[in-house]
Amino acid sequence: MSERSPGRSLLRLSVFVVLPMATAVVLVSMLSGGFTDGALVRFTNAMLTAFTLVSFVLLLTLVVYGDARKRPIAPLFGMCLSVLFGAGLTVFFLSQGELLMEDNGSVRAQALSNIVRFGTTMLGLSMAAVVVFGTLFSSLMAGPKRTILFEEE
């Protein structure tokens with residue numbers, strides 16, 4: 001097997017991460033006839049909020065991982081920096097005046113609005129996942145019974 005360079009693997013990974021999002025943005029832009037006035041602001045708010053909240057969830061997961069590896073401080077320190085970075089970016093961009101404020105009076109109100117939107121999106125995605133996995137389970141269980149025939153020796 002040929003050795004793959006880390007740079008090429010990183011490039012491929014970044015393409016797989018960015019391509020679906022870019023495709024969705026282009027598709028929405030083409031179908032809706034362009035971007036509306038607040039679309040970029042809402043998208044940026046959603047990305048900042050998602051980054052901060054997902055970093056917090058990963059922080060909790062890495063605490064369990066670090067505890068299992070008998071080195072609980074290493075992942076905790078890295079993810080705390082990530083959470084602080086995301087929260088700092090969110091507060092910085094929200095405090096820049098009308099840059100990311102969506103008709104809300106304060107930074108706290110905008111952050112709460114972002115968290116509520118993120119929560120409803122996650123609730124919808126989790127309900128969709130339950131439906132998909134339920135459909136998958138029922139289709140697997142609805143098939144004919146398979147019996148294993150054991151031959152006598």
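Where in α1 does a kink of about 30 degrees lie? In this predicted model, the kink is found at Val18, shortly before the proline Pro20.

The overall architecture provides the setting for this feature. The secondary structure of the protein chain amounts to 4 helices and 0 strands, and the order of elements along the sequence reads α-α-α-α. Of the 153 residues in the protein chain, 14% count as buried. The accessible surface of the protein chain comes to about 12,600 Å², and 72% of this area belongs to carbon and sulfur atoms. When contacts between residues at least 6 apart in sequence are considered, 54% of them join residues at least 24 apart.

Helix α1 can be described in terms of its length as well as its bend. With 27 residues at 1.5 Å a residue, α1 should span 39 Å, and because its end C-alpha atoms are 39 Å apart, the expected and modelled values agree. The kink of about 30 degrees at Val18 thus belongs to a helix whose end-to-end distance agrees with the expected span. Just after α1, the chain reaches Gly33, which takes a positive phi of about 80 degrees.

The residue at the kink, Val18, also takes part in a nonpolar surface patch of about 830 Å², which is made by Leu10, Leu13, Val17, Val18, Met21, Val25, Leu40, Phe43 and Met47. Two helices, α1 (6–32) and α2 (39–68), each supply at least two residues of this patch, and α1 gives the most, with 6 residues. One of the patch members, Met21, lies in helix α1. Met21 counts as partly exposed because its relative accessibility is 37%, a value that falls between the limits of 20% for buried and 50% for exposed residues.

Further along the chain, two residues of helix α2 were examined for their exposure and for their separation from later parts of the sequence. Val63 has its place in helix α2, and its relative accessibility of 34% is the reason that Val63 counts as partly exposed. Val64 is likewise found in helix α2, but Val64 is exposed, since its relative accessible area is 58%, and exposed means over 50%. The C-alpha atom of Val63 is separated by 8.0 Å from that of Ile73, a residue 10 positions away along the chain. For Val64 and Leu76, which are 12 residues apart in sequence, the distance in space is 9.6 Å, C-alpha to C-alpha.

Helix α3, comprising residues 73–94, contains Leu89. Leu89 counts as partly exposed because its relative accessibility is 25%. Although Leu89 and Thr52 are 37 residues apart along the chain, their C-alpha atoms are separated by 9.0 Å. Thr52 falls within the range 39–68 of α2, and the pair therefore relates a position in α2 to one in α3, the helix in which Leu89 is found.

Key. Residues are numbered from 1 along each chain as its sequence is written. This is a predicted model: local features need pLDDT of at least 70, side-chain atom pairs count only at pLDDT 80 or more; totals for chains, interfaces and linings use all residues. Side-chain values use heavy atoms; hydrogens and water are left out. Buried means under 20% relative accessible area, exposed over 50%, partly exposed in between (1.4 Å probe, protein chains only). Patches are made of residues with over 30% relative accessible area and no salt bridge: like charges are joined within 9 Å, nonpolar side chains (Val, Leu, Ile, Met, Phe, Trp, Tyr) within 5 Å. Accessible areas come from the Shrake-Rupley method with a 1.4 Å probe; for residues, only the protein chains shown count as cover. A salt bridge is a side-chain nitrogen of Lys or Arg within 4 Å of a carboxyl oxygen of Asp or Glu. The expected span of a helix is 1.5 Å times one less than its number of residues. The bend at a residue is the angle between axes fitted to the seven residues ending there and the seven starting there. Contact means heavy atoms within 4.5 Å.
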